[in-house]
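Q: I've got a model open and I'd like to learn how to read it feature by feature. Can you walk me through it?

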Amino acid sequence: MLKGRIVSLLRLRQLWLVLALVWAGIVLFYSLQPSVELPGLFRLVQDLVLHFGAYAGVSFLLMLYSRSSAGPVKVSVLSFGYGLGVEILQPIVAEGRVFSWYDVLANSLGIASGIVLA
């Protein structure tokens, strides 16, 4: 009974990690698209709201995966580093994209919210 429960918890944990990686991949894909090629919906929604939601999702899923007492710190540092790295890559890789401290701030607020929600 206990062994079966542990196995099911480990599978659930792996699911959260897979979902976090898939979501982070989606965020990366759309973040590195030239601004003129983004779907119309993305241009209608306020950019900072998208940043907030994208990184809230990443940190939320990573928190559900994390089981350590240092989870919030690890997730914060990992998510922030990922967001900062993507923000730095944008002007290099994607035409019409620029680095923005406002985007970094929106990412950070999203990260904090995702951690609190988890």
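Q: Let's start with contacts: what share of those between residues at least 6 apart in sequence join residues at least 24 apart?
A: The idea is to ask how far along the sequence two touching residues sit. This is a predicted model, and in its chain 72% of the contacts between residues at least 6 apart join residues at least 24 apart.

Q: Which secondary structure elements does the chain have, and in what pattern?
A: Count the elements, then read them in order. Here you get five helices and zero strands, so to speak a plain α-α-α-α-α run along the sequence.

Q: How much of the chain is buried?
A: For a residue, buried means under 20% relative accessible area. Of the 118 residues, 32% count as buried. On the outside, about 7500 Å² is exposed, with carbon and sulfur atoms supplying 73% of that area.

Q: How do I check a helix's length, and what span should helix α4 have?
A: Compare the distance between the end C-alpha atoms with the span expected at 1.5 Å a residue. Helix α4 covers residues 71–93, and its 23 residues should span 33 Å. Its end C-alpha atoms are 32 Å apart, which agrees. Try the check on helix α3, residues 47–65: its 19 residues reach 28 Å from first C-alpha to last, close to the 27 Å expected.

Q: And which residues of α4 are buried?
A: First the general idea: an α-helix has 3.6 residues a turn, so residues three or four places apart point the same way. In α4 the buried residues are G71, V75, S79, G83, V86, E87 and Q90. For α3 the buried list includes H51, A54, Y55, V58, L61 and L62.

Q: Is H51 buried or exposed?
A: Judge a residue by its relative accessible area. H51, in helix α3, is buried because that value is 9%, under the 20% cut-off.

Q: What does H51 touch, leaving out residues up to four places away in sequence?
A: List the neighbours, then look for polar pairs among them. H51 touches E87, D103, A106 and N107. With D103 there's a polar contact, side chain to side chain, at 3.3 Å. Remember E87 from before: it's one of the buried residues of α4.

Q: Last one: which residues make the nonpolar surface patch?
A: Look for nonpolar side chains that are accessible and close together. V18, V22, W23, I26, F29 and Y30 make a patch of about 520 Å². Take I26, found in helix α1, residues 2–31. I26 is partly exposed, as its relative accessible area is 36%.

Terms used. Residues numbered from 1 in each chain as written. Predicted model: local features only at pLDDT ≥ 70, side-chain atom pairs only at ≥ 80, totals over all residues. Heavy atoms only, no water. Patch = residues over 30% accessible without salt bridge, like charges linked within 9 Å, V, L, I, M, F, W, Y side chains within 5 Å. Areas by Shrake-Rupley, 256 points an atom, 1.4 Å probe, with all protein chains shown as cover. Salt bridge = Lys/Arg side-chain N within 4 Å of Asp/Glu carboxyl O. Helix = DSSP H or I, 4+ residues; strand = E, 2+ residues; numbered from the N terminus. Buried < 20%, exposed > 50% of the residue type's maximum accessible area, 1.4 Å probe, protein only. Expected span 1.5 Å × (residues − 1). Polar contact = N/O pair within 3.5 Å; in protein donor to acceptor, adjacent residues only side chain to side chain. Contact = heavy atoms within 4.5 Å.
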